[in-house]
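Visitor: I'd like to learn how to read charges on a protein. Can you walk me through it?

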Number of protein chains: 2
Amino acid sequence: MGEVKVIGSTSSLFCTRVEWALKLKGVEYEYMHEDLRNKSPLLLKHNPVHKKVPVILHGDRAVAESLVILEYIDDTWKQNPLLPEDPYERSMARFWAKFSDEKVRISVSNSLPWSEGEEKEKAIESARESLSFLEEQIEGKTFFGGEKIGFLDLAVGWIPLGLGVMEQVGEMKLLDAEKFPSLHEWSQNFIKIPLIKEALPPREKLVDNFTASVSYMRSLASQKQ
Amino acid sequence: MGEVKVIGSTSSLFCTRVEWALKLKGVEYEYMHEDLRNKSPLLLKHNPVHKKVPVILHGDRAVAESLVILEYIDDTWKQNPLLPEDPYERSMARFWAKFSDEKVRISVSNSLPWSEGEEKEKAIESARESLSFLEEQIEGKTFFGGEKIGFLDLAVGWIPLGLGVMEQVGEMKLLDAEKFPSLHEWSQNFIKIPLIKEALPPREKLVDNFTASVSYMRSLASQKQ
């Protein structure tokens, strides 16, 4: 089928998911760093719709959208399955991955870090409500995938590092060890696993990027007032 | 595994997708109509996260989110596969289904029907851009799935009826036969197929519902001015 390449950026934990999946499968790949302020013709050619990373290139094929890429990887390389075999458990992994992208990430990253007062309190409440659903999913388990890392672990794998960065920049605490003991524990353990740790982007890079976007959003919000 | 039930509403074309998939598989099911203004304990029990239809019940299992349900149906009943076998083609069906839900639907339904003047022109432009990507996908084919109805046909299956209703209520034309000849043709043919047609909700019901939400959004927009 040809070589595997990942077009990615160290400022996006969506890209890290794809690297994790390939590493778990033992698939060799070349990482191509994309400058998101000056997008390459390669990225624009292979993801003309969204013009976003990550994109996986596999021979002459290109797939975009990180969760779609995870499914592609799992369908292509059958070793170390990411999704469970049982149709119902597969559907649960997909349901919670979608929930994590659409509800958890959005409730944490939208408005929260640059809101103030009552608006901020409400946003924190909503973010905690989303996290509590994930807490229920991991209770009593080592991984979301059960005994080993699975699709959903990779999908929510942005939390240990990404949520910490958001908390720091947004000056708030969300993933409280008392309120979310199981999610907190999973979070601590997950990024200590060597294979997971080695693909993580540098924390400072994420802090810088998120600080820049929060400053920009705060300035927009203050102009509106 | 037990009986199959679909909790749905005639005002949601997301539910129709699920019925189409079951019909294509030849799976018998009971349809349970949900009153969305007065949600049932059954719905709240089985979709406590989103509290939305559709939900499929299969014995003691419950799955929510229409695209996740389609995957569940395809994983459970292997006859008449909805997704292609090839991993790349599977990924393309998933990519465009997500695109259709996130970009096309949102570009058509958000703001457009209740915006005016320049804002409306911009929204129409953006909706047409999204539709042009789908036009490229169906060019030269009978179905998005190729020679037979597949996953992506069901995912974009809201277009023939739903887009027409939005056009009527929002007083605009988007799916132009000249600009989008292949998508227009697919759209015309798709809802003539007996199996597809018999599960479609009554058009007037959709018009009434959409008219009510557009009136509400117009009144909110005029209060802001």
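Guide: Sure! Keep in mind that this is a predicted model. Let's start on the surface, where Glu118(A), Glu121(A), Glu125(A) and Glu129(A) gather in a patch of negative charge. One of them, Glu118(A), sits in helix H5 of chain A, residues 117-138.

Visitor: Is Glu118(A) buried or exposed?

Guide: A residue counts as exposed when its relative accessible area is over 50%. Glu118(A) has 61%, so exposed is the word.

Visitor: And which residues form a positive surface patch?

Guide: Lys39(A), Lys51(A), Lys52(A) and Lys103(B) do. Take Lys51(A): look for it in the loop between helix H2 (41-46) and strand E3 (55-58) of chain A. With a relative accessible area of 38%, Lys51(A) is partly exposed.

Visitor: What about salt bridges? How many does the structure hold over all chains?

Guide: A salt bridge pairs a side-chain nitrogen of Lys or Arg with a carboxyl oxygen of Asp or Glu, within 4 Å. There are 24 over all chains here. For instance, Arg90(A) pairs with Asp75(B), with the closest N and O atoms 2.8 Å apart. That pair crosses between chains, from helix H4 of chain A to helix H3 of chain B. Both Arg90(A) and Asp75(B) are buried.

Visitor: Why is helix H3 of chain B largely enclosed?

Guide: Count its buried residues: 10 of the 11 are buried, so the rest of the structure largely encloses this helix. Among them is Asp74(B), which meets Lys25(B) in a salt bridge at 2.7 Å, N to O. Those two partners lie 49 residues apart in the chain, with Lys25(B) in helix H1.

Definitions and conventions
Residues are numbered from 1 along each chain as its sequence is written. Chains are lettered from A and ligands numbered from 1 in the order in which they are written. This is a predicted model: local features need pLDDT of at least 70, side-chain atom pairs count only at pLDDT 80 or more; totals for chains, interfaces and linings use all residues. Side-chain values use heavy atoms; hydrogens and water are left out. Patches are made of residues with over 30% relative accessible area and no salt bridge: like charges are joined within 9 Å, nonpolar side chains (Val, Leu, Ile, Met, Phe, Trp, Tyr) within 5 Å. Accessible areas come from the Shrake-Rupley method with a 1.4 Å probe; for residues, only the protein chains shown count as cover. Lys and Arg count as positive and Asp and Glu as negative; His and the chain ends are not counted. The place of a charge is taken as NZ of Lys, CZ of Arg, CG of Asp or CD of Glu. Helices (H or I, at least four residues) and strands (E, at least two) are DSSP runs, numbered from the N terminus. Buried means under 20% relative accessible area, exposed over 50%, partly exposed in between (1.4 Å probe, protein chains only).
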